[in-house]
There are 4 protein chains.
Amino acid sequence: MARLSPQPQSHAAASPSTLGDQYRRVREDSRRLGEPLSDADATVQSMPDASPAKWHLAHTTWFFETMVLKPNLDGYKPFDERFDYLFNSYYETLGERHPRPRRGMITRPALDTIFDFRAHVDEGIDKLLASDPDPSVAELVELGCHHEQQHQELLLTDILHLFAQNPTKPAYRDPQPLAVEPGEADDARFVSFDGGIVEVGHDGEGFAFDCEGPRHRVLLEPYRLADRLVTNREFIAFIEDGGYCDPLLWLSAGWADILANGWSKPFYWEERDGEYWTMTLRGAQPVDLDAPVTHLSYFEADAFAAWSGKRLPTEFEWENAVQSLPVEGNLADSGRLRPRPAQAGEGLRQMYGDVWEWTRSAFSPYPRFKPAEGAVGEYNGKFMCGQFVLRGGSCATPAGHIRATYRNFFPPDARWQFSGLRLAEDA
Amino acid sequence: MARLSPQPQSHAAASPSTLGDQYRRVREDSRRLGEPLSDADATVQSMPDASPAKWHLAHTTWFFETMVLKPNLDGYKPFDERFDYLFNSYYETLGERHPRPRRGMITRPALDTIFDFRAHVDEGIDKLLASDPDPSVAELVELGCHHEQQHQELLLTDILHLFAQNPTKPAYRDPQPLAVEPGEADDARFVSFDGGIVEVGHDGEGFAFDCEGPRHRVLLEPYRLADRLVTNREFIAFIEDGGYCDPLLWLSAGWADILANGWSKPFYWEERDGEYWTMTLRGAQPVDLDAPVTHLSYFEADAFAAWSGKRLPTEFEWENAVQSLPVEGNLADSGRLRPRPAQAGEGLRQMYGDVWEWTRSAFSPYPRFKPAEGAVGEYNGKFMCGQFVLRGGSCATPAGHIRATYRNFFPPDARWQFSGLRLAEDA
Amino acid sequence: MARLSPQPQSHAAASPSTLGDQYRRVREDSRRLGEPLSDADATVQSMPDASPAKWHLAHTTWFFETMVLKPNLDGYKPFDERFDYLFNSYYETLGERHPRPRRGMITRPALDTIFDFRAHVDEGIDKLLASDPDPSVAELVELGCHHEQQHQELLLTDILHLFAQNPTKPAYRDPQPLAVEPGEADDARFVSFDGGIVEVGHDGEGFAFDCEGPRHRVLLEPYRLADRLVTNREFIAFIEDGGYCDPLLWLSAGWADILANGWSKPFYWEERDGEYWTMTLRGAQPVDLDAPVTHLSYFEADAFAAWSGKRLPTEFEWENAVQSLPVEGNLADSGRLRPRPAQAGEGLRQMYGDVWEWTRSAFSPYPRFKPAEGAVGEYNGKFMCGQFVLRGGSCATPAGHIRATYRNFFPPDARWQFSGLRLAEDA
Amino acid sequence: MARLSPQPQSHAAASPSTLGDQYRRVREDSRRLGEPLSDADATVQSMPDASPAKWHLAHTTWFFETMVLKPNLDGYKPFDERFDYLFNSYYETLGERHPRPRRGMITRPALDTIFDFRAHVDEGIDKLLASDPDPSVAELVELGCHHEQQHQELLLTDILHLFAQNPTKPAYRDPQPLAVEPGEADDARFVSFDGGIVEVGHDGEGFAFDCEGPRHRVLLEPYRLADRLVTNREFIAFIEDGGYCDPLLWLSAGWADILANGWSKPFYWEERDGEYWTMTLRGAQPVDLDAPVTHLSYFEADAFAAWSGKRLPTEFEWENAVQSLPVEGNLADSGRLRPRPAQAGEGLRQMYGDVWEWTRSAFSPYPRFKPAEGAVGEYNGKFMCGQFVLRGGSCATPAGHIRATYRNFFPPDARWQFSGLRLAEDA
């Protein structure tokens, strides 16, 4: 569900020099993400919902070429006219495009050519930023950076999905060891919040996607939120208690998925000699019992909560909590690529940067939300149907891309993202 | 999507004699609905989402037999032990059941036998109510009556769907003529509401389904609501302006439906010699330009609102409106079977009993909503995923079955109900 | 796969009086077949390959009205103009028609109306035959009779399929008891044939469908043919030996069906307390161990033959055998509706009227076969692709409809006909 | 439909030295076919019926490793144990294997590694052949060579299919120019054959696949065969005469394909400014009007023949013709990669090496055909269901791989092979 909701709230655009730094850093991050991949790795599409790495690297570049360079850089010469058709994602106003489920057929251009395309566009953007462009151009470049960061995360989750299809279970990369060796996770504590009328949504400072605003008031009943994520150990208890076999725990659509697809454990899990293993970006690994459970669908998160006698939080309960309390969360560690076990600590732990947390909130427009005009703003709300909001960011989310108001969203059966849960209850 | 959410809020149970009257009236209504049908009409299932009329008539009776008579009436002899398997809908705790998409295979028992089954159960209920049963039994009977009323509406919409498949377009029934001949609908007026903190949800007086409560506070921004429904004439303007051809007006999933299924007008519409006709319970009829448009999916309602520069209301905006103003709406006219054109009038018109109004609210649990225990309460919230709330009731909704807090819900692509829309906007 | 290959070979047309008798007998047979059915039984379509009984009764009548009466009987008034659309099967030259998989949606006209339609057409045919019509008209009437006999068999197999979907397993009819109580079947004997150049195909005497000719020479190698059909007892030995679990016994496409559909025994079989039961026209019954196995796909027949170290015969080996030897087979017992156990006897037993015998011959045109001109001859060879020939006729085949040259054909995965096998081997 | 029917008829095995030459030549041919491909080109699977080039290169090597080296070469060390699972095609007796439709997920091992695997196995085979192995081993090596040649052709047709999915329509290779510039094809002449009893099938001299034998007698009626293939110009006349719109010309299953898939011209054809273009191994090219039409399904070939008032030949008519007359056909020109226009000439032209010719013969076992024992002979006849025989070999068939008795076979809807037709008629 790669989708761009790319309308920045009005805010002072970053100054060109800073912006240039930001641009180069983001682009360099993408390049590094592509490094471990062969041409074949970067080409294959493992399911219609995923895209080839090559496509992510090209599409984000196409965005800068089409939205920024063509209309704004005099004398800019497009790298290859055919890329318009190949690498448009879903912009209806920008013409026909290659069908999404056929993205994996594009064996040519090769990955090297895509890197050449990137360099060509980078040169153009450098030139443009050096020319003191209009603030609206700077805003588009910043938007493009955030757009590219979204695709960086998708590139990782899509490669994980691809490698999981390979019986040899290759590793994408051996990440840094965890700074702290995990001990057994301590019991979750439930933190109380008073509720009442609170403000949520982006306030206009710094970048945000359009669906994060307008900032507005909501009324919350008193509630409690677990201070850490649900662990693999806890989820195994659910499995062993027959959680996947009891229809009373499941939403009707989720139970239908179980019957149709035989779900009996989180995505990527398999049993080897009585132990659970899972596919990771380091290849197949034993499940770390004290790490947060991940690769859950909404259905599984919701069923686990029901089994626990709790519920999922709403997105506003989550957002209010991080606004109210000191929270812990490492947002700058994108090389880690795996969720951290909870460390002993105060406040709310693991709020950012481990796994996306399913909320019970359907992805809906905020009051007075208005879709923007033109191609950039095309389809701001077009995905507001049949999806649930996730909050908090995952270990695959790029550094600097997460904030309290960020609304990720996926259909309730999506499992290939780093998605888990935190329990809540009424106070 | 026939589904029962059958947990009455606590309230003084109706007294047995009144309850007996209610029971007999509801059961007689069902019988009359079945009268125009042949054995074959009542047996065929025209799509997986629809059920045969015979099944509706039997399943509602099975409910009384299984939930009320078997546990509470000494010496009750079930009509036919095999009906447990045949006519259970989805109660997992009540054992195996015949697969929903195969309901149309049950040519035997015949419709006459189903009527015998109904009489047998009616006799049992009479006996039970005469015996001064426990209030909890009375509550179950009342619940069964409301459950049966839900199926009365579905019986009608399912028969309409079946007859629409027949190239000869048979009429189910020639309803009463409309009391007033329609003139051209006057322009819609937008009525303003202040918003603020308001209470919504069922307050415990009289019967309600569990998902209508608990009553709770919500915060509304100021808004305006059209005083009448959108008409066929207005919807034709949308069609003729290319509404079905402009992806920018549509939710992504709705546009995919258009591409996959070739939608270009409301369900049941066809063109004959340049005029629009539609299938109705009176057979094929020319579209009445001043009547409310109906048989729309959520996608079509939402796209029309976008094209109009307006939006759909939330379910709470709708509910607050009927709590704030005198409303017009005839709830006791279940023989009409077609939506009424708007008549000149004050206040909010056509709020009840013409077409179900799509709201932009996903069907979600209210704060502190708790699923009930046991078979009756099984699955209270199991459909709270992927569906949108509709309000107001349609011309096929039985008399006495509609109220301000009633939440109907369907997936966004459902079109075979009497579903239309009313416009809203921010104030 | 109801299909008509309706080109009679040139032959002296039956005289009108005899033909009138034939017509009345065939029509009366159909009427009697419809007698045990309710309106609902006769209306429902249980799968796309099957048709409703009502449709069979109406389509065969439509054939006489369209092909015979309209062009040949002055002043004939069609019963209902809409029936042209409803009851055409696949004649492209005769206009649009109702889509085959939607035949079960036609709840109206009711079964009674179809019987009225039949009477109306019968009257017209009576009148026409009394008027000394052209021989070509008589030929068409004879063709219509054979066409109707094909549909009589399909009506029975389609009703069996429908009733098998009903968990209550209703009986269509209690047939006559078997004349002789079955003992255990004796061992099959293999009868030798010399082969060489032999003639096969219809020789022009009496009625035949076009695909049965032209009569022509074929070259056969010496072969042996079992003198009786394979029994249920023998087939159970195959099951118990793991026949359904060994891919080496199966055609590739058959093995794919096993994997996709979980086939593990003949169609309609189920296990009850360690015993095999099967659905029959008398309702669910224990499998009769000495009766011929039936409701097999080509894949199952072929796998059984491979497991036996034998093979299926070709259609010409079968036809040469019945031309060479006295054969036993009761062709006039259409009320029996179940295959007979083999009786001790000489010659080839059970060649006619028990189960259709799968041959290894693909359904292909005979040398010099030419499709006929016009609507009657439309599509003579259009099914000559992907189907295998069956020979011999079943217990559901009408009396007088079977002959040595008759070629029935079905796709290799079809199982709802009365289809079994006889073993062959090279001599 | 890559499938191996790998049972050599008994014949004197090639002597080791010659065999070594043959082996090296075939292996080198494969290597050269892989040369123009990138790692990504060689990895992607464009449809379930096609395999990645990498897979073809690895699977043919796996065959030698598994069937020849492991059981026969002392001390042979397998290249990578995991390849057994990855590169088995369908040998049930050789264990589990990677599912066919998922072959395109295997981005690793890379193409370079596959070439290393090939070199490793080549070394083993060299060593084995130098050791004067048992004749049965030599037979297996020869079989492996022919098996690899089959996959060489499939590699080309599968790459063509893959490149056709790419909107940029890349060229695989620029082949040699045609030796003779085409003029307009002359009219086809029909050559007469007497028929009678003739012998067909492989006689045991030289290599053949098992399904080509046993040689046996068949009886042919007199017939005539066109002396050249049907051209693109002739096929365009069929299109322009409404051939794709007239159901009377089509087999029932073919017409269903037209309705379902919108076929209106040969596979790979598209219209550009009123001219037909087609995808070729040289990229998109204008259709050469005088070249043989190719990329036809059986349905299209059969419909064209019906429209022409002719028919397709049987496989035995074809085989008898090449046994009876001098034929023209270049079998040693595998670099050409496109069918040749007919040159003026005597005898039967274009019989070999241009396009595979659909025959009306279903792929069936010859009399006394017996599947072989063991893994090599596994499944000899498992594809003898639902397929039609093609004769003659195409421009993608390797030099030396074609002979008069060769039976290729594909399902009637397959279009991605170089498949066309030659007309026949009764004499």
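A salt bridge is a pairing in which a side-chain nitrogen of Lys or Arg lies within 4 Å of a carboxyl oxygen of Asp or Glu. The structure is a predicted model, in which local features need pLDDT of at least 70, side-chain atom pairs count only at pLDDT 80 or more, and totals for chains, interfaces and linings use all residues. Residues are numbered from 1 along each chain as its sequence is written, chains are lettered from A in the order in which they are written, and side-chain values use heavy atoms, with hydrogens and water left out.

Over all chains, a search of the whole structure finds 124 salt bridges. Three of them are listed here.

| Acidic residue | Basic residue | N to O distance |
|---|---|---|
| D186(B) | R228(B) | 3.9 Å |
| E315(C) | R391(C) | 2.8 Å |
| E148(D) | R118(D) | 2.7 Å |

In the pair of D186(B) and R228(B), the first residue lies in the loop between α5 (135–165) and β1 (190–193) of chain B and the second in the loop between β4 (223–226) and α6 (232–240), so the salt bridge ties together parts that are 42 residues apart in sequence. Helices (H or I, at least four residues) and strands (E, at least two) are DSSP runs, numbered from the N terminus. D186(B) is partly exposed at 32% relative accessible area, whereas R228(B), at 4%, is buried; buried means under 20%, exposed over 50%, and partly exposed in between (1.4 Å probe, protein chains only).

In chain C, E315(C) is buried at 2% relative accessibility, and R391(C) is buried at 0%.
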